[in-house]
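This briefing introduces a single protein chain by way of the contacts its side chains make. Please keep the structure in view while reading, and find each residue as it is named.

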Amino acid sequence: MHTFQPMNIKEVDINPFNMIGSDWFALTATDGETTNSMTAGWGGFGVMWGMNVALVVVRDSRFTREIVDKADTFSMTFFNMDKKENRVILKYLGGVSGRDEDKIKNASLEVNYHEGTPFLDAGNLVYTCRKLSKTKINPEDLADMDIDTKWYSDKDYHNLYIAEITGILAR
């Protein structure tokens with residue numbers, strides 16, 4: 001296990017468009033019995049209800065969605081993308097279902113915990129989050145129907161989670 005240090009959110013200077021959209025992250029949660037992780041490349045950060053929040057989306061079909069639904073917390077683990085093996089890890093976590101195998105074990109990853117929230121120890125920056133809300137994205141709620149055509153031809157819609165950022169860990 002690596003040593004992570006807590007970081008004050010006001011000291012974090014990131015570009016979320018690169019960090020999320022280009023580099024991706026691993027979303028990890030546990031329901032008390034199963035811990036699973038998946039790769040995500042959509043989401044954001046902001047302020048909602050007077051709290052610093054993370055926004056993550058998870059498709060209905062993902063096994064991780066079932067676990068996030070049961071969990072109170074989850075983490076977003078970001079990796080050093082200068083290391084090619086981290087892109088391989090994230091592609092693997094995104095391409096294999098946790099229903100079929102223990103992805104974390106098979107990727108030779110270790111789970112660490114911060115105040116009960118699991119995260120992947122191989123990362124270099126971790127956001128721990130407390131789930132505040134879940135909103136199902138429905139086609140009738142889309143103002144631009146091209147989104148439905150382009151991104152949801154398979155009708156596997158996302159769920160939007162808004163979560164309070166409860167901690168940031170860095171090494």
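What follows is a set of notes on a predicted model, grouped by topic. A search of the whole structure finds seven salt bridges, and several of them are described below alongside polar contacts and a surface patch.

**Salt bridges between separate parts of the chain**

- Side chains of opposite charge can pair when their charged atoms come close.
- One such pair is Asp-31 and Lys-70, whose side chains meet in a salt bridge at 3.9 Å, N to O. Because Asp-31 lies in the loop between β2 and β3 while Lys-70 belongs to helix α2 (residues 63–70), the pair ties together parts that are 39 residues apart in sequence.
- The two partners are covered to unlike degrees, for Asp-31 counts as partly exposed at 28% relative accessibility, and Lys-70 is exposed, with a relative accessible area of 61%.
- Lys-136 and Asp-60 also meet through their side chains in a salt bridge, here at 2.3 Å, N to O. Lys-136 sits in strand β9 (residues 125–136) and Asp-60 in the loop between β5 and α2, so this pair ties together parts that are 76 residues apart in sequence.
- Lys-136 counts as partly exposed at 31% relative accessibility, and Asp-60 likewise counts as partly exposed, at 26%.
- A further salt bridge joins the side chains of Arg-130 and Glu-164 at 2.9 Å, N to O. This pair links distant parts of the chain, with Arg-130 in strand β9 and Glu-164 in strand β10 (residues 158–170), 34 residues apart.
- Arg-65, Asp-69 and Lys-134 are linked in a network of salt bridges.

**Strand β5 and its surroundings**

- Met-51 is found in strand β5, and at 21% relative accessibility it counts as partly exposed, because the cut-off for a buried residue is under 20%.
- The C-alpha atoms of Met-51 and Glu-164 are separated by 6.3 Å, although these residues are 113 places apart along the chain. Apart from neighbours within four places in sequence, Met-51 is in contact with Gly-46, Arg-130, Leu-132 and Glu-164.
- Arg-59 also has its place in strand β5, which covers residues 51–59. The side chain of Arg-59 reaches the backbone oxygen of Asp-156 at 2.6 Å and the backbone oxygen of Trp-151 at 3.4 Å.

**A nonpolar patch at the surface**

- Trp-151, found in helix α5 (residues 145–151), is partly exposed, with a relative accessible area of 38%.
- Together with Trp-42 and Ile-147, Trp-151 makes a nonpolar surface patch of about 280 Å².

**Buried polar residues in strands β2 and β3**

- Asn-36 has its place in strand β3 (residues 35–40) and is buried, with a relative accessible area of 3%. Its side chain makes a polar contact with the side chain of Thr-64 at 2.7 Å, and the residues that Asn-36 touches include Leu-27, Phe-63 and Ile-67.
- Thr-30, in strand β2 (residues 25–30), counts as buried at 18% relative accessibility.
- The side chain of Thr-30 makes a polar contact with the side chain of Thr-35 at 3.0 Å, and it also reaches the backbone oxygen of Thr-34 at 3.0 Å. Among the residues that Thr-30 touches are Ile-67, Ala-71 and Pro-118.

How values were computed:
Residues are numbered from 1 along each chain as its sequence is written. This is a predicted model: local features need pLDDT of at least 70, side-chain atom pairs count only at pLDDT 80 or more; totals for chains, interfaces and linings use all residues. Side-chain values use heavy atoms; hydrogens and water are left out. Helices (H or I, at least four residues) and strands (E, at least two) are DSSP runs, numbered from the N terminus. A polar contact is a pair of N or O atoms within 3.5 Å; within protein, one must be able to donate a hydrogen and the other to accept it, and residues adjacent in sequence count only if both atoms are side-chain atoms. Buried means under 20% relative accessible area, exposed over 50%, partly exposed in between (1.4 Å probe, protein chains only). Contact means heavy atoms within 4.5 Å. Patches are made of residues with over 30% relative accessible area and no salt bridge: like charges are joined within 9 Å, nonpolar side chains (Val, Leu, Ile, Met, Phe, Trp, Tyr) within 5 Å. Accessible areas come from the Shrake-Rupley method with a 1.4 Å probe; for residues, only the protein chains shown count as cover. A salt bridge is a side-chain nitrogen of Lys or Arg within 4 Å of a carboxyl oxygen of Asp or Glu.
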